[in-house]
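This report describes how two chains of a model meet, how they are related in space, and how one of their sheets is ordered.

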There are 2 protein chains.
Amino acid sequence: MPVGDLSLPEFYPIAGLRIGVTSAGIKKPGRQDLVIFELAESTQVAAVFTRNAFCAAPVRVARAHLQAAVPRYLVINTGNANAGTGQQGEADARATCAALAELTGVSEQQVLPFSTGVIGEPLPMPRLLAALPQGVAKLDATHWSEAAQGIMTTDTLPKGASVRCEIEGQTVHISGIAKGAGMIKPNMATMLGFIATDAQISQALLQQLLTEAVNASFNRITIDGDTSTNDVCLLMATGQSAEIKAEDTAALASFRDALRQVMVQLAQAIVRDGEGATKFVTIQVQGAKSETEALEAAFTIAHSPLVKTALYASDANWGRILAALGRAPGLEDLDISQVSLHLNDVLLAEQGGRAASYTEAAGAAVMQEAEITIRVHLGRGQAEETVWTCDFSHDYVSINADYRS
Amino acid sequence: MPVGDLSLPEFYPIAGLRIGVTSAGIKKPGRQDLVIFELAESTQVAAVFTRNAFCAAPVRVARAHLQAAVPRYLVINTGNANAGTGQQGEADARATCAALAELTGVSEQQVLPFSTGVIGEPLPMPRLLAALPQGVAKLDATHWSEAAQGIMTTDTLPKGASVRCEIEGQTVHISGIAKGAGMIKPNMATMLGFIATDAQISQALLQQLLTEAVNASFNRITIDGDTSTNDVCLLMATGQSAEIKAEDTAALASFRDALRQVMVQLAQAIVRDGEGATKFVTIQVQGAKSETEALEAAFTIAHSPLVKTALYASDANWGRILAALGRAPGLEDLDISQVSLHLNDVLLAEQGGRAASYTEAAGAAVMQEAEITIRVHLGRGQAEETVWTCDFSHDYVSINADYRS
């Protein structure tokens, strides 16, 4: 059960973008597991990819194709990551692109491939190729919800966000989908995120906006610290509404805010539906010397199995939080007498020990909440950072001990 | 249930060292939770402490006392870590030393305090102080087994090792005890480890030998990646048997081997009895450019929740192992086509994908073993490192969700 409301929004269609979803029976017969995006010729695309050295074949092919051409189609399969598949995996990813290019009259390099699912199994190419015509036949601007369903793996619910904003008298729309739900500690990207807008934006500015927004959203979440082999986040601008230029500060600010809203909502949705999650946890580190220091501290707390199991148990075990903080990279010289720790509005610890005002009853009350903010003040600078994570439950172990992902 | 045989050895007594164990009722009435070591005046002591910035009061006091004097007594309590206890915690640790010093006629600084257990609770000083005379009255050279019991927290079994070696016609003995079993990712030390020898060794050489041996033992294990606030490892040399000098290479090598044997056995015992452990896992990384690179890669695999849950499930999920490898610090430029992966003697992956010779049956057979070696060859250098870890089970979550540690 995800934490909080994850119902899909009413998706605004994006002019110049159509989506087709069908079944290729990749892992289970009948499951809608193949998604095709079609982009108008006016579209610019920006992307960020996983930094995992052991990256999947489609990641390598997509990166190469993006450098060679402006994309017109995306082809996404779930149920098989096409990772750890060696030379054959790369050939399969290219063959998928070639087949879709043939069907649609574009070049192979104008197709980007994406895969998610089990690592180390060969893609079932005959079934995948056979399903492509059906996917193309279904292309329609209204299929965002189906696409959000079609990219799920261990997610219990689909994830989407959609907003609009007014820019110089024109309405600009942004819609996006993403998936989780394990092997989530994105490094410059997320498991899979596809965001589109009808605004007109140059490729260079689009890439800059995407990188900024990814750093404030997908790069601030973690489920289990395991960076995936297949992380990709794509931002597509079809150019059919208002133009956003770098020099038009007001328009740029409006668009940036709207984009960040969509991407933070998607990133938080991944955490809310994290494998086995029963709590949605915001970790704020304040009073750090630098943003890097604050971020390292926040992620060290977020990854601590002892903190995560205490959250699962609704145990206000502040000793585990401070113990994790104390081993964070860069904090070897931390003066613990300057550190304070809050759970929501309750002060738990200060001056190296339990706060005089703290009562176990107050801690227990906070820990009953499904959404908790852990706020640590280091007392040694002005920088702060926030990350989002979830707890570590029996179900996380069950899901990952039972599922070959 | 620990993995493998953890029965205690016959401990060789160490001439010049006596141990007293009693109950102070710190957490539970009647539990043997207070251990006193008495060291002959001839003894030299070397120590390594946790690098956790949020270190416990007794760690800070022990470090200060060691700089000021040569220790004659150790006082160790379990059931309460005296960490996160602010100024009062430090005053309590000093008061404990002062009380024992008064009883035994030494200076306060000749007593080192150690604590393990729950973080953030004040030490129950009246009960602790009241038990000291009884602990002193029980001092005896034969109490190693009782001491191994007396320092346990979530350990299911006590841990000890004892060896002897012949050095220049004299028999030198080494005996040691240690405890786990969670919050274990020692950084320059372990949770608690006390090792003693009757050899005569200068303090400088003793510290060097301890640091070397810790790096090859306690600093090569991890249960959950959480470095404790109270880690301490002490090596005591009572000087009542053969003298070990730096320039006497043969004697030094014999002693170094024997010491390493004791410390590796203790470190591995901590992993075998790790919280919820069902598998004992050796991770070897070979063909690395440097030892740092090999060690980072090995620990990244060892800490991956997805690898650990696959080990628990006896699932030969090599994709998760290589995915963890691919996110290891320093391996951003790893050429995955050069990487090979074995489980025991079974080759699972090479050239970026599944090995042609590999069968699921062979993988499944290896994973049924309680002791498994994961061997990764990076194919880019000559350095190698080994770490030891355990799997991640439902019981780990239960233990840490139920126990306020």
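Between chain A and chain B the count is 0 salt bridges, a salt bridge being a side-chain nitrogen of Lys or Arg within 4 Å of a carboxyl oxygen of Asp or Glu. The model is predicted: local features need pLDDT of at least 70 and side-chain atom pairs count only at pLDDT 80 or more, whereas totals for chains, interfaces and linings use all residues. Residues are numbered from 1 along each chain as its sequence is written, chains are lettered from A and ligands numbered from 1 in the order in which they are written, and side-chain values use heavy atoms, with hydrogens and water left out.

Polar contacts do cross the interface of chain A and chain B: 13 residue pairs, both at pLDDT 80 or more, satisfy the rule. That rule asks for a pair of N or O atoms within 3.5 Å; within protein, one must be able to donate a hydrogen and the other to accept it, and residues adjacent in sequence count only if both atoms are side-chain atoms.

The following elements of chain A, which are DSSP runs (helices H or I, at least four residues; strands E, at least two) numbered from the N terminus, each give two or more residues to the side that touches chain B.

| Element of chain A | Residues |
|---|---|
| Helix 8 | 305–312 |
| Helix 9 | 318–326 |
| Strand 14 | 353–354 |
| Helix 11 | 394–402 |

Helix 9 of chain A gives the most, with 7 residues. In total, 57 residues of chain A are in contact with 57 residues of chain B, contact meaning heavy atoms within 4.5 Å. The buried area, i.e. the accessible area (1.4 Å probe) lost on putting the two parts together, summed over both, is about 4500 Å², of which carbon and sulfur atoms give 56%.

Chain A can be laid on chain B with an RMSD of 0.0 Å by a turn of 180° and a shift of 0.0 Å along the axis, by least squares on the C-alpha atoms of residues with pLDDT of at least 70 in both. This is the relation of a two-fold axis. The C-alpha of A:H394 is the nearest to the axis in chain A, at 2.9 Å. Because 100% of the interface residues of chain A are also interface residues in chain B, the copies meet through the same surface.

Chain A also holds an open sheet of 7 strands in the order 9-16-11-15-12-13-14, with mixed pairing; two strands pair if DSSP finds at least two bridges between them. Strand 9 (221–222) and strand 14 of chain A stand at the edges with a single partner strand each, so one side of each lacks a neighbour in the sheet.
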